[in-house]
Amino acid sequence: MRIFCASIATETNTFSPLRTDFSDFQESFYAPPGQHPVTPTLCSAVFTEGRLRAAKEGWDLIEGTATWAEPGGLVNRETYEQLRDEVLGQLRAAMPVDGVILGLHGAMVAQDYLDCEGDLLAHVRELVGPDVVIGTSFDPHSHLTALRVDNSDIIVAFKEFPHTDFVETGRAVVDLVLRTLRGEIKPTKAVFDCHMIEVLPTSREPMRSFIDRAKDMEGTGDILSVSFIHGFMAGDVPDLGAKVIVTTNNNPAEAKQIARNLGVELFGFRGATRPTFLKPEDALDQALASDAKPIVLTDVWDNPGGGVPGDSTILLRAVMERGLTDYAVGTLWDPMAVRTCFSAGEGAVLPLRFGGKTGARAGSPIDAEVRVKKLERNAWQYFGESIVPLGDCAVIELPGGGEVILNTNRSQSFDPSLFSNMGIDPASKKYLFIKSTNHFYDAFAKIAGEIIYIDVHGPYPSDPKTNGYRHVKRPLWPIVEDPFAASKAS
Ligand SMILES: [Zn+2]
C-alpha cells in the first residue's frame, strides 16, 4: 500500500496590508520531501502520524513538500501555483498510490484564487482518479467549499480552539483513510451551513461542553467524525462562515441529520461564546485596580496569527500615557528597528522609531530614547511541542522602565517562553502585554494572575457588519439578524 502526503498551509487576511510570497513560506516553515522534522507543525501532523502508522504496519508513506506561512495578506499567484504544481509533480512521480493525505489550513486566498484548497483538491482528484482515497485536515478558521467536500473522502478539522488537538486531528485523518482503504468503512459526509461568523473559543462555555459531546459521539453508531468549521472573518470569500461536517459509515441520512442538529445548536450560541473584550481604557482601569500578578493583557485583534502585521502601537501608546512602568510587551513586529538595535549593540542608548509602520490603522510609530537591553539572533517560542521562530529580536527598555520585544519574524504570542527566551522573567512583571486572540490561553493561564482581553479598534476587520465584504453573498449573522429566514426569502 502506498499513501502520498503533503501540506500547504497559510491563513489569508484579505484585508491585510501585507502580501505573501514564497519567502514567507521559507521564513516560517518549508520542508522539501524527506525533510519534515520529527515534530509536527500545526497543519502537518499527518506526516508524523502517517510515519508512525507506516512504520508499525509496513506500508509506504511517500512524503511530498510540507510548508506553512505565518498568516498574512493575499498570496501572490505565482507562489500559490508554484507550491501547488510542486506537490502535484511529486504526486505524479509517486503514482500509482492508494491514498493521498493533505494537511491544509483551509483559509488560503491567492490572487485570482478565492479557494486555493478547493483548487488543489480538484487537481489532486483529477490526477489520481475517483478510486484513490483522499483525506484532508483543516484548521477550523477556514472556509468550507463544495469543491473541497466533493473532492475529498475524509475531512477532519481541529476541534479545539486553542488548537491543542492538531496531532489527534492528523491521527484521525490517517486512521480514517486507512480504514477506508482496508474496506472497513465507507465514508459518507454531510455539511450544514450555520450562516454565522463568530469567535468560538472552546476553552470556555458553551463551546466546551458542546465539543466534549461531539467528541463522545464519534465512534458511536455509524458516526465516524464530527468537525466544526468556525470560519475566518478576515477572509472575504463566498463561503465565509461556520459550518458543520459530519462523516458516517455508509449512512448519508444520519450524517445529514446530525450535521443539522449540531449546526442549529451552534447557531444558538451566537453572541454568547466570547470572553468579555474590554476597550483599552477600561482594560487599563481594571488592570491598575487589580492585585493580581502577572496580569496578562491581550490585544485580541492585532494578532499576527490573524494575518495583520502585528505592529500596532495603539495599546502601547495608551499604556505609556497612563504611566505604567512594570510591564513587558511581547511582541511588536519591526524588522527595521531590530536591525538598528543590532547595529547599536546591547547596552546602547539611542533615539528609536518603532512600530506603526505598515498601515494607516495601526497607530503612528513611537519615538523614544531607548536602551537596548538584549539582542538575540533566531529567537523562538514554544507552541505546545512546536518551536515557533521569531527571527532576530531585540528587547528595548523605554524611559519609564517598560520593556518591549521587537521581532523580525511575525508571530502571535503563544507561550511565556517568548519572554523568558529573551531574558525577561514573565512572572516577575506586573503586566504582560501580548497579541493573540485565544491561542495564548493554555500556556499563559498557567502563570497568569488574571487575563484581560482588549478590543482595540485597529487594522483587523473585527466587525462583520462593517467589514464591507464583496464576495460574501449568503445571508450571515451578525450582518443579518435571521439569516435562515433571509436565505428562504431569497
Ligand atoms: Zn485556527
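Buried means under 20% relative accessible area. Histidine 141 has 12% relative accessibility, so this residue counts as buried. The legends below use that word often. The model shown is predicted.

**Figure 1. The zinc ion is held by donor atoms from Asp139, His141 and His163.**
Asp139 gives two OD atoms. His141 gives ND1, and His163 gives NE2. These donors lie 2.1 to 2.6 Å from the zinc ion. Along the sequence, the donor residues follow the spacing D-x1-H-x21-H. Is aspartate 139 buried or exposed? Aspartate 139 is buried, with a relative accessible area of 2%.

**Figure 2. The zinc site has irregular geometry.**
Angles among the four donor atoms run from 54 to 147°. Why is the site not called tetrahedral? Four donors count as tetrahedral if all angles lie between 85 and 135 degrees. The angles here span 54 to 147°, so the site is irregular. For four tetrahedral donors, the ideal angle at a metal is 109.5 degrees.

**Figure 3. Strands E7, E9 and E8 build an open sheet.**
The order is E7-E9-E8, and the pairing is antiparallel. E7 and strand E8 (223-229) are the edge strands, and each pairs on one side only. On average, neighbouring strands of this sheet are turned by 15° against each other, direction ignored.

**Figure 4. Strand E7 pairs with strand E9.**
E7 covers residues 187-193, and E9 covers residues 243-249. How many bridges join E7 to E9? Seven bridges do, and the two strands run antiparallel. Aspartate 193 has lysine 243 in E9 as its bridge partner. Lysine 189 stands opposite threonine 247 in E9. E7 is mostly covered, with five of its seven residues buried.

**Figure 5. Serine 152 sits in a loop.**
The loop lies between helix H5 (146-150) and strand E6 (154-157). Serine 152 is buried, with a relative accessible area of 3%. Which residues does serine 152 contact, leaving aside its neighbours within four places in sequence? They are Leu121, Arg125, Ile134, Thr136 and Lys189. Lys189 also appears in the previous view, opposite threonine 247 in E9.

**Figure 6. Phenylalanine 269 sits in the loop between helix H8 and strand E10.**
H8 spans residues 252-268. Phenylalanine 269 is buried, with a relative accessible area of 13%. Not counting residues up to four places away in sequence, phenylalanine 269 touches Pro206, Met207 and Phe210. Compare the position of phenylalanine 192. The two phenylalanines are 77 residues apart in sequence and 15 Å apart in space, C-alpha to C-alpha.

**Figure 7. Nine strands form an open sheet with mixed pairing.**
The order is E10-E18-E11-E17-E12-E16-E15-E14-E13. Which strands stand at the edges? Strand E10 (277-278) and strand E13 (349-354) do. Each has a single partner strand, so one side of each is left without a neighbour in the sheet. Helix H9 (residues 280-288) packs on this sheet. H9 touches E10, strand E11 (295-299), strand E17 (431-434) and strand E18 (450-454). The direction of H9 makes about 165° with that of E18.

**Figure 8. Strands E12 and E16 pair in the parallel sense.**
E12 covers residues 327-333, and E16 covers residues 403-407. Five bridges link the two strands. For alanine 328, the bridge partner in E16 is glutamate 403.

**Figure 9. Helix H10 lies across several strands.**
H10 spans residues 314-321. The strands it lies across are E11, E12, E13, strand E14 (366-383), E16, E17 and E18. H10 runs at about 155° to E12. Which residues of H10 are buried? Leu315, Leu316, Ala318 and Val319 are. They cover an arc of only 160° around the axis, which puts them on the same side of H10. Glycine 323 follows H10, and its phi is positive, near 80°.

**Figure 10. Phenylalanine 354 lies in strand E13.**
Phenylalanine 354 is buried, with a relative accessible area of 0%. Leaving aside its neighbours within four places in sequence, its contacts include Thr313, Leu332, Pro365, Ile366 and Leu406. Leu316 is also among the contacts of phenylalanine 354, and Leu316 is one of the buried residues in H10. How far from histidine 195 is phenylalanine 354? They are 159 residues apart in sequence and 41 Å apart in space, C-alpha to C-alpha.

Technical notes: Residues are numbered from 1 along each chain as its sequence is written. This is a predicted model: local features need pLDDT of at least 70, side-chain atom pairs count only at pLDDT 80 or more; totals for chains, interfaces and linings use all residues. Side-chain values use heavy atoms; hydrogens and water are left out. Donors are N, O and S atoms within 2.8 Å of the metal (3.2 Å for Na, K and Ca); water is not among the atoms, so sites may look incomplete. Four donors count as tetrahedral if all angles lie between 85 and 135 degrees; four count as square planar and six as octahedral if opposite donors are over 155 degrees apart and all others between 65 and 115; anything else is irregular. Buried means under 20% relative accessible area, exposed over 50%, partly exposed in between (1.4 Å probe, protein chains only). Helices (H or I, at least four residues) and strands (E, at least two) are DSSP runs, numbered from the N terminus. The arc is that of the directions from the helix axis to the C-beta atoms. Two strands pair if DSSP finds at least two bridges between them. Contact means heavy atoms within 4.5 Å. Axes are lines fitted to C-alpha atoms, for helices over the stretch in contact, and angles run from 0 to 180 degrees between N-to-C directions.
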